[in-house]
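Dear colleague,

Please find below the structure that I am handing over for your consideration. My findings follow directly after it.

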Amino acid sequence: MTIHDPIVKRYDKNPILTKEDVPYPVSTVHNAGIVKHNDRYIMLFRSHRHNGRSIIGRADSEDGFTFTVHPKPFLTPAEVSIFAEYEEYGVEDLRICPVEDDYLLTYSAYSRHGVRIALARTRDFVKVERVALITQADLRNVVIFPAKFEGRYARLDRPHSEISPWSIWISYSPDLIHWGDSRVIMKPVPYHWDEMKIGPGAPPFRTDKGWLHIYHGVFETMAGAVYRLGVALHDLNDPAKIIGISDQWILQPETPWEVNGYVPNVVFTCGAVPEGDGTVKIYWGGADTVMCAGTAVINNLVQLCLINPRAAL
Ligand code: BMA
């Protein structure tokens, strides 16, 4: 890596998915979870319907860049059970977390009661089972680690607070339903690119040096907020312990479809796919309007966390 090389190399045919690719009426395509399942890339993307509320669609790809959208949405607000009450205003920003033999789907459920996180489960992306509402309001952006730690599942989450800048917390569960033992592990840094708020991004993935977590950070400017992506490295045995956080961002809004759109100046990730060749495909919503992709060398991201890290708390 030289100082001239971008850390994340954008795919040269971005954006990879737009509303024009969707065979039902939507006004945006963004903030998608993604995973490689049976050698196919499966993307679960968020779309605003024309009433301003969000649903989740599915798109598949052989190469991770060229996607075909399924004819029907993948997940729409529940119409029965407790989920119906809490998903009334829409479902947003779904993450696909591969854990044991399942894909755990965590998404924001919006309703008149606020925003909270719902957990669903699938093995094949056909049969989907809603499991539980796993947080109270107000809380967004839950990613579950792929491994258990001393018998417990672990997740990163982001509660809202009026006292403290919005920070990343960790919580644990014996059964995926009851979560607790929560503590804050990473806070925004004052007068830094992520000073306003931070939140979990893509589900963390394993590297030799630790769990790599791509998160988002926000800086408030006179022209509005700017959403960028950063990286943090967590201890493999104790994910509450942060080994290092890159002082610099790894991606900021630069292209026209990141700088302009429904919400300008936003790159926001919900998914990344580590590959066997030492690279990772990173996916992000551009300006809450389109989906974009890029590639990074995993070891470069790890080194950014280890060399000249910023403080965690
Ligand atoms: C956050 C969430 C994301 C969105 C981002 C930028 O608060 O609402 O879904 O991408 O703002 O608008």
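How many Å separate a polar side-chain atom of D288 from an oxygen atom of the ligand? In this predicted model, the separation is 2.6 Å. Taken alone, the ligand exposes 310 Å², of which the protein buries 81%.

Two arginines also place polar side-chain atoms by ligand oxygen: for R46 the distance to an oxygen atom of the ligand is 2.9 Å, and for R140 the corresponding distance is 3.3 Å. The full set of residues surrounding the ligand consists of N31, R46, D93, R140, K197, Y227, V263, V266, F268 and D288. By class, this shell comprises five charged residues, four nonpolar residues and one polar residue.

I also examined N141, which belongs to strand β10, spanning residues 139-144. N141 has a relative accessibility of 1% and is therefore classed as buried, since the cut-off for that class is under 20%. The side chain of N141 forms a polar contact of 3.1 Å with the side chain of R95.

A further finding concerns the surface. I243, L306 and I307 make up a nonpolar patch there, with an area of about 240 Å². Of these residues, I243 is located in strand β18, which covers residues 242-245. Because its relative accessibility is 36%, I243 counts as partly exposed; that class lies between the 20% and 50% limits.

With kind regards

Note on methods
Residues are numbered from 1 along each chain as its sequence is written. This is a predicted model: local features need pLDDT of at least 70, side-chain atom pairs count only at pLDDT 80 or more; totals for chains, interfaces and linings use all residues. Side-chain values use heavy atoms; hydrogens and water are left out. Patches are made of residues with over 30% relative accessible area and no salt bridge: like charges are joined within 9 Å, nonpolar side chains (Val, Leu, Ile, Met, Phe, Trp, Tyr) within 5 Å. Accessible areas come from the Shrake-Rupley method with a 1.4 Å probe; for residues, only the protein chains shown count as cover. A salt bridge is a side-chain nitrogen of Lys or Arg within 4 Å of a carboxyl oxygen of Asp or Glu. Helices (H or I, at least four residues) and strands (E, at least two) are DSSP runs, numbered from the N terminus. Buried means under 20% relative accessible area, exposed over 50%, partly exposed in between (1.4 Å probe, protein chains only). A residue is near a molecule or strand if one of its heavy atoms lies within 4 Å of it. A polar contact is a pair of N or O atoms within 3.5 Å; within protein, one must be able to donate a hydrogen and the other to accept it, and residues adjacent in sequence count only if both atoms are side-chain atoms. Ala, Val, Leu, Ile, Met, Phe, Trp, Tyr, Cys and Pro count as nonpolar, Asp, Glu, Lys and Arg as charged, and the others, Gly among them, as polar.
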